[in-house]
Amino acid sequence: IPVITALNPAGGKRGQTLTSSPVGENLGNVSSLSFQIPVNVIPDRPLWLFPDTPAGVGLPTSISSNDLVQFAADKRGASAPAITVYSSSPPSCVNGWLAPRQKQIIPFAVEAGRTISIRCIARAAGSRLYPLIRILDSAGKELLNTEDQLGRDIAVNWTAPSAGTFQAEVSSADNLGGPEHFYRLTFWPAG
């Protein structure tokens, strides 16, 4: 029986087709799977699917979806443009996974005094990741960390002390990693 232990990316936008790379056992030679995400699913809740692989129909696996602009963390790199979190910009969602001891940096631009909501969805989506988020300024100084939320998914509101580009650093609290350590990091302008 095919068993998928992780999909990368682990989610997408409602009403669109999600193409993911599966990780698991007895998958045959499958390198990608596509799923049509219904428009009417509840955002950021698991949507259970029975993947059809060359080795047969697999055990159920879940994906997550919402209506945000989607990015892939592994395709952004250090020189990627910052995600914009201005009052006029659409909310954004970064999909990624962490290797052991890895830290991923996601730059984001924000206006002075703007409060933004940052959520990291991992455990609720079936990930093995215990996420830890730090917000850093352009000099690398820590402005916020989420150590007080260890062991659960993260939800914080943060107000930018000045206009500029900041960094969201995503890491694993236990330094473990692999494709099963995936996350969906969302940025919303608050208010």
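Start by selecting Phe187: at 1% relative accessibility, it counts as buried (buried means under 20% relative accessible area, exposed over 50%, partly exposed in between, with a 1.4 Å probe and protein chains only). Before you go on, know that this is a predicted model, where local features need pLDDT of at least 70 and side-chain atom pairs count only at pLDDT 80 or more, while totals for chains, interfaces and linings use all residues. Residues are numbered from 1 along each chain as its sequence is written, and side-chain values use heavy atoms, with hydrogens and water left out.

Next, add Phe108, which is buried at a relative accessible area of 0%. Its ring and that of Phe187 have centres 5.2 Å apart and planes at 40°, so the pair is tilted. (Rings of Phe, Tyr and Trp, the last by its six-membered ring, pair if their centres lie within 6.5 Å; planes under 30 degrees apart count as stacked, over 60 as edge-to-face and the rest as tilted.) This pair links distant parts of the chain, with Phe108 in strand β12 and Phe187 in strand β18 (residues 182-189), 79 residues apart. Strands here are DSSP runs (E, at least two residues), numbered from the N terminus.

Now bring in Trp158 and Phe166: together with Phe108 and Phe187 they form one aromatic cluster. Phe166 is buried too, at 4% relative accessibility.

Then hop over to Arg123. Its charged end sits over the ring of Tyr130, 4.0 Å from the centre (for this, NZ of Lys or CZ of Arg must be within 6 Å of the ring centre and within 35 degrees of the ring normal).

Last stop: Thr61, found in strand β8 (residues 61-66) and buried, with a relative accessible area of 8%.

Terms used. Helices (H or I, at least four residues) and strands (E, at least two) are DSSP runs, numbered from the N terminus.
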